[in-house]
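Have a look at the structure below. Then read on for a short tour of its main parts.

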Amino acid sequence: MIKVLLVDDHPVVREGLRGMLDAEPDLTVVGEAGSGEEAVALAAAHRPDVILMDLRMPGLDGAGATEKIMSSNSGSRVIVLTTYETDADILRAVEAGATGYLLKDASRAELAGAIRAATRGETVLAPSVAGRLMRRMRQPAQQSLTAREIQVLRLVAKGQTNAEIGASLHISETTVKTHLLRVFNKLGVSDRTAAVTTAMEQGVL
């Protein structure tokens, strides 16, 4: 039997996933976690073969939990299962050590097949995610925004001023301006609006 751990902060999602996987004769759900912190603890306790990991959760998010689990040498494989597919989200998950990245509209057959493939050590990616990764790899390295630059840009997109962004991220307004200048340079734009628009077009936001 392939042991699976479910990680999602929405109980109804976990219940749906459990129902789908219980119908598979070779898969068994050994635990459910509602947060990244709980996922790390249950991964250590149950040592599942595969962990289905939600990406965006309060506190320790999916990428952070994945990184901690992978660093513990537990032998578990992590498949991110999320509704988000921006370049930044995908890259964070892959860099954290995730074996796969699927979207929550995957069918039961796709999900079960991905779990079996991950157990064999194969990489499993939703077609749209694979396409994004390929496009990202073809882009010049200097086009990649850092995690902090993306944080700043997200707050710009919400309409925050430099001062408000600095307060939100606990950095100085000067540092915010420096981050924005680097973003403008990497994206080839000259103002905040163009930066947000271009980042959205590229799937960064």
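This report covers the domains, the sheet, the empty spaces and a few single residues.

**Two domains**

The model is a predicted one. The protein is split into domain 1, residues 2-138, and domain 2, residues 147-202. Measuring from centre to centre over C-alpha atoms, the distance between domain 1 and domain 2 is 30 Å.

**The sheet**

Start with the strands. Six of them build an open sheet, and their order across it is 2-1-3-4-5-6. The pairing is parallel. Which strands stand at the edges? They are strand 2 (27-33) and strand 6 (124-125). Each has a single partner strand, so one side of each lacks a neighbour in the sheet.

Now turn to strand 1, which covers residues 2-7. Is strand 1 largely enclosed or left open? Five of its six residues are buried, so strand 1 is largely enclosed by the rest of the structure.

Strand 1 pairs with strand 2 through six bridges, in the parallel sense. Two positions show how the strands line up. Lys3 stands opposite Thr28 of strand 2. Val4 stands opposite Val29, also in strand 2.

Strand 1 also pairs with strand 3 (residues 50-53), again in the parallel sense, over four bridges. Here Leu5 faces Ile51 of strand 3. Leu6 has Leu52 of strand 3 as its bridge partner. In a regular strand, side chains alternate between the two faces of the sheet.

How does the chain get from strand 1 to strand 2? Helix 1, residues 11-22, belongs to this part of the chain. Strand 1, helix 1 and strand 2 together make a right-handed β-α-β unit.

**Empty spaces**

Rolling a probe the size of a water molecule over the atoms shows where empty space is left. How many cavities of 30 Å³ or more does a search of the whole structure find? It finds one. The largest cavity has a volume of about 30 Å³. Its lining is made by Val7, Asp8, Leu17, Leu52, Met53, Asp54, Leu81 and Lys104. Leu52, the bridge partner of Leu6, is one of these lining residues.

The largest pocket has a volume of about 380 Å³. Two elements each give two or more residues to its lining: helix 4 (87-96) and helix 7 (147-157). Helix 4 gives the most, with six residues. In total, 18 residues line the largest pocket. Ala88, Asp89, Arg92, Ala147 and Arg154 lie nearest its centre. Which domains supply the lining? Domain 1 and domain 2 each supply at least three residues.

The table sets out the residue classes in the two linings.

| Space | Nonpolar | Polar | Charged |
|---|---|---|---|
| Lining of the largest cavity | five residues | no residues | three residues |
| Lining of the largest pocket | seven residues | three residues | eight residues |

**Residues with a positive phi**

Most residues other than glycine have a negative phi. Two residues here call for a closer look.

Arg47 is not a glycine, yet its phi is positive, at about 45 degrees. Where is Arg47 found? It sits in the loop between helix 2 (36-46) and strand 3. Is Arg47 buried or exposed? Its relative accessible area is 46%, so it counts as partly exposed.

His170 is not a glycine either, and its phi is positive too, at about 60 degrees. His170 lies in the loop between helix 8 (162-169) and helix 9 (173-187). Its relative accessibility is 73%, so His170 counts as exposed.

**A contact between distant parts of the chain**

End with Val196, a residue of helix 10 (residues 192-201). Is Val196 buried or exposed? Its relative accessible area is 12%, under the 20% cut-off, so Val196 is buried. Val196 and Ala157 are 39 residues apart along the chain. Their C-alpha atoms are separated by 6.0 Å.

How values were computed:
Residues numbered from 1 in each chain as written. Predicted model: local features only at pLDDT ≥ 70, side-chain atom pairs only at ≥ 80, totals over all residues. Heavy atoms only, no water. Pairing = 2+ DSSP bridges. 1 Å grid on protein atoms, 1.4 Å probe; cavity = no way out; pocket = protein on both sides within 12 Å on 5 of 7 lines; lining within 4 Å. Points joined across faces, edges and corners; volume = space filled by probe spheres on them. Nonpolar A, V, L, I, M, F, W, Y, C, P; charged D, E, K, R; others polar. Domains from an automatic or database assignment. Buried < 20%, exposed > 50% of the residue type's maximum accessible area, 1.4 Å probe, protein only. Right-handed = clockwise from strand over helix to strand, strands pointing away.
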